[in-house]
Amino acid sequence: VDPNLPNPALHPERIHSTEFVWEQGLGSHLWFSTSAFYNSITDLITQEPVGDNLVIFRNLENVKSSGLEVQVRGQLSQGLEGSASYCFQQTKDEPSGQFLSNSPRNLVTLNLSQPLLGKRMFVSLDAQYRSRIQNLTGGSVSPFAVVNATLLARNLGKHVDLSASIYNLLNKQYFDLASSENFQQAIQQDGRSFRVKMTWHWKER
């Protein structure tokens with residue numbers, strides 16, 4: 001049974017965004033960028049419980065969001081490429097000044113990629129960190145860091161790419177926020193998992 005009640009009065013959200021971006025090359029192998037942003041959202045669509053395990057979407061909140069992101073990218077002559085970024089943001093309900101649920105204040109990403117065999121194969125590593133977030137009842141969901149690894153072989157023949165990936169390489173236990181339709185406030189995510197993928201290109205490259 002669909003727990004969502006219809007709301008004919010629902011209308012679109014509106015967002016006004018302002019962003020400043022600065023990019024700078026640091027020598028021939030390193031690049032730096034930073035951006036500052038400010039968003040004003042009116043009539044944010046929010047899911048609200050109405051009893052008997054039913055929910056309805058309503059235009060309830062006016063939200064202000066501001067933050068800063070910095071990123072460094074580099075490439076070595078041996079082919080190793082990498083990037084690291086950090087983002088700080090705060091998103092609040094304007095009337096109450098309360099932080100919104102499912103809105104982390106700190107995000108960190110790291111990516112490394114190394115070509116092998118004359119750039120016919122690539123091994124890459126990526127990691128993400130997310131800080132603590134607030135759940136729907138005012139509690140919190142713990143921060144987590146996850147590492148993934150991928151081996152990609154390109155141009156096997158004229159049409160085929162093949163990749164093998166390991167997600168959550170370190171087999172960390174972590175949780176993500178549940179929606180209001182769930183009884184749980186946080187849902188445990190997958191442990192270490194594997195994927196093999198083959199891509200066929202119809203045209204020769």
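How many helices and how many strands does the protein chain have? The chain holds zero helices and 14 strands. The model in the viewer is predicted.

**Stop 1: the whole chain**

Select the protein chain in cartoon representation and follow the trace from the N terminus. Every element met along the way is a β strand, in the order β-β-β-β-β-β-β-β-β-β-β-β-β-β. The radius of gyration is 22 Å, well over the 17 Å that the globule rule gives for 205 residues, so the chain is more spread out than a compact globule. Rotate the C-alpha trace onto its principal axes, where its span is about 60 × 45 × 35 Å.

**Stop 2: surface and contacts**

Switch to a surface representation. The protein chain exposes about 13600 Å², and carbon and sulfur atoms supply 56% of that area. Of the 205 residues, 23% count as buried. If contacts are displayed between residues at least 6 apart in sequence, 50% of them join residues at least 24 apart.

**Stop 3: the charged side chains**

Colour the side chains by charge. There are 18 positive and 18 negative side chains in the protein chain, and the centres of the two sets lie 12 Å apart. Side chains of opposite charge can pair when their charged atoms come close. The structure holds two salt bridges, which are the next selections.

**Stop 4: Lys64 and Glu94**

Select Lys64 and Glu94, whose side chains meet in a salt bridge at 4.0 Å, N to O. This pair links distant parts of the chain, 30 residues apart. Lys64 belongs to strand S4, residues 54-75, whereas Glu94 sits in the loop between strand S5 (81-93) and strand S6 (106-116). Both ends may then be viewed against the surface: Lys64 is partly exposed, with a relative accessible area of 25%, and Glu94 is partly exposed, at 44%.

**Stop 5: Asp176 and Arg130**

Where in the chain do Asp176 and Arg130 lie? Select the two residues; their side chains form a salt bridge at 2.8 Å, N to O. Asp176 lies in strand S12 (residues 175-177) and Arg130 in strand S7 (residues 121-130), so the bridge ties together parts that are 46 residues apart in sequence.

Is Arg130 buried or exposed? Arg130 has a relative accessible area of 9%; the cut-off for buried is under 20%, and Arg130 is therefore classed as buried. Its partner Asp176 is partly exposed, with a relative accessible area of 26%.

Definitions and conventions:
Residues numbered from 1 in each chain as written. Predicted model: local features only at pLDDT ≥ 70, side-chain atom pairs only at ≥ 80, totals over all residues. Heavy atoms only, no water. Helix = DSSP H or I, 4+ residues; strand = E, 2+ residues; numbered from the N terminus. Rg over C-alpha atoms; globule rule 2.2 N^0.38 Å. Buried < 20%, exposed > 50% of the residue type's maximum accessible area, 1.4 Å probe, protein only. Contact = heavy atoms within 4.5 Å. Areas by Shrake-Rupley, 256 points an atom, 1.4 Å probe, with all protein chains shown as cover. Lys, Arg positive; Asp, Glu negative; His and termini not counted. Charge placed at Lys NZ, Arg CZ, Asp CG, Glu CD.
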